[in-house]
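Visitor: I would like to learn how to read the features of a protein model. Could you walk me through one?

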Amino acid sequence: MLVEAQSLAVNPGESVSTTIMLDNKGVLDDRCQIKITGIPEEWVALSPSVTTLQPGSQQEVQLTIQPPLSPQSRAGRHSLAVQVISEHGSKQIDQIRKVLIIAPYSQATSTLWPQEISTGQVSQMTIENHGNTTETFTIRPKPDGALKFQPEENRLKLN
């Protein structure tokens, strides 16, 4: 087995593809199943995922990985294994380890309740990090006339 790419880089919501080359150096037909571990199964598409190789033949398999645009597609390096399981004889397994690099993205929402406040009234702000990496948010209310905010500035670190 040979995998074209040393490492794979992808933006969440997009896909990256590489080719896996299978080679039967034996003297019998061999039915092989390809399995990817280390990342969620639903991110992976293999074409074909099972193949039969005649002696001395080769077959290309297309591997496509598509992490969704969601916080579950954590930014950074992820170790994955490409396994070829031979159904001939002892179910021999060939394995190659690769690195998948998922790019970071930022997405957040905030709400303020109530939206209009008066002197002495307490308000509440909610911030949600919908990105795939830890973000630091600075809350800095803008004084308006007679209103003064406590604290004047606050920083939040959200996963």
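**A guided reading**

Guide: Gladly. Let us start with a single residue: S70 sits in the loop that runs between strand 7 and strand 8. Keep in mind that this is a predicted model.

Visitor: Is S70 buried or exposed?

Guide: The general idea is to compare the relative accessible area with a cut-off, and buried means under 20%. S70 has a relative accessible area of 13%, so this residue counts as buried.

Visitor: Which residues is S70 in contact with, leaving aside its neighbours within four places in sequence?

Guide: With that sequence window left out, the contacts of S70 are Y105 and N132.

Visitor: Now to the strands. How do strands of a sheet pair?

Guide: Strands of a sheet pair through backbone hydrogen bonds, and the sense is either parallel or antiparallel. Here, strand 2, residues 7-10, and strand 9, residues 93-102, give a parallel case with four bridges. One of the residues to look up is S7, whose bridge partner in strand 9 is V99.

Visitor: In which sense do strand 8 and strand 9 pair, parallel or antiparallel?

Guide: That pairing is antiparallel: strand 8, residues 76-86, is joined to strand 9 over 10 bridges. To find the register, look at R77, which stands opposite I101 of strand 9.

Visitor: What is the order of the strands in the open sheet of four strands?

Guide: Read across that open sheet, the order is 1-3-7-5, and the pairing is antiparallel. Strand 1 (2-3) and strand 5 (44-47) are its edge strands, each pairing on one side only.

Visitor: How many bridges join strand 3 and strand 7?

Guide: Eight bridges join strand 3 (residues 16-23) to strand 7 (residues 58-65), in the antiparallel sense. L22 has Q59 of strand 7 as its bridge partner. On to the next pair in the order: strand 5 and strand 7 are antiparallel too, over four bridges, and A45 stands opposite T64 in strand 7.

Visitor: Strand 7 keeps coming up. Why does V61 count as buried?

Guide: V61, a residue of strand 7, counts as buried because its relative accessibility is 1%. A contact list then shows what surrounds such a residue. Leaving aside neighbours within four places in sequence, V61 is in contact with T18, T19, I20, L22, I34, L46, S47 and P48.

Visitor: What separation do the C-alpha atoms of V61 and M21 have?

Guide: They are separated by 6.3 Å, while the two residues are 40 residues apart along the chain. Sequence separation and spatial separation are worth reading side by side.

Visitor: Which residues touch the most other members of the largest nonpolar core?

Guide: Among the 21 residues of that core, they are I20, I34, I65 and L100. To see where the core comes from, go by strand: strands 2, 3, 4 (30-37), 7, 8 and 9 each supply at least two of its residues. For one member's surroundings, take L100: beyond four places in sequence, its contacts are L8, V10, V16, I39, W43, I65, G76, R77, H78 and L80.

Visitor: And empty space? How many cavities of 30 Å³ or more does the structure hold?

Guide: A cavity is a space where a probe fits but cannot get out, whereas a pocket is open. The structure holds one cavity of 30 Å³ or more, with a volume of about 30 Å³. Its lining consists of V3, A5, Q6, S7, L8, T18, L63, V82 and K98, which divide into five nonpolar, three polar and one charged.

Visitor: Which residues lie nearest the centre of the largest pocket?

Guide: They are I117, S123, P141, F149 and Q150, out of 21 lining residues. The pocket holds about 510 Å³ of space, and its lining is made up of 10 nonpolar, nine polar and two charged residues.

Visitor: What lines the second largest pocket?

Guide: Its lining has 19 residues, with D23, D30, C32, S86 and D94 nearest the centre, around about 300 Å³ of space. Nine of the lining residues are nonpolar, five polar and five charged. Strands 3, 4, 8 and 9 each supply at least two residues of this lining, and the largest share, three residues, comes from strand 8.

Notes: Residues numbered from 1 in each chain as written. Predicted model: local features only at pLDDT ≥ 70, side-chain atom pairs only at ≥ 80, totals over all residues. Heavy atoms only, no water. Pairing = 2+ DSSP bridges. 1 Å grid on protein atoms, 1.4 Å probe; cavity = no way out; pocket = protein on both sides within 12 Å on 5 of 7 lines; lining within 4 Å. Points joined across faces, edges and corners; volume = space filled by probe spheres on them. Nonpolar A, V, L, I, M, F, W, Y, C, P; charged D, E, K, R; others polar. Core = buried A, V, L, I, M, F, W, Y, C linked by side-chain atoms within 4.5 Å. Buried < 20%, exposed > 50% of the residue type's maximum accessible area, 1.4 Å probe, protein only. Contact = heavy atoms within 4.5 Å.
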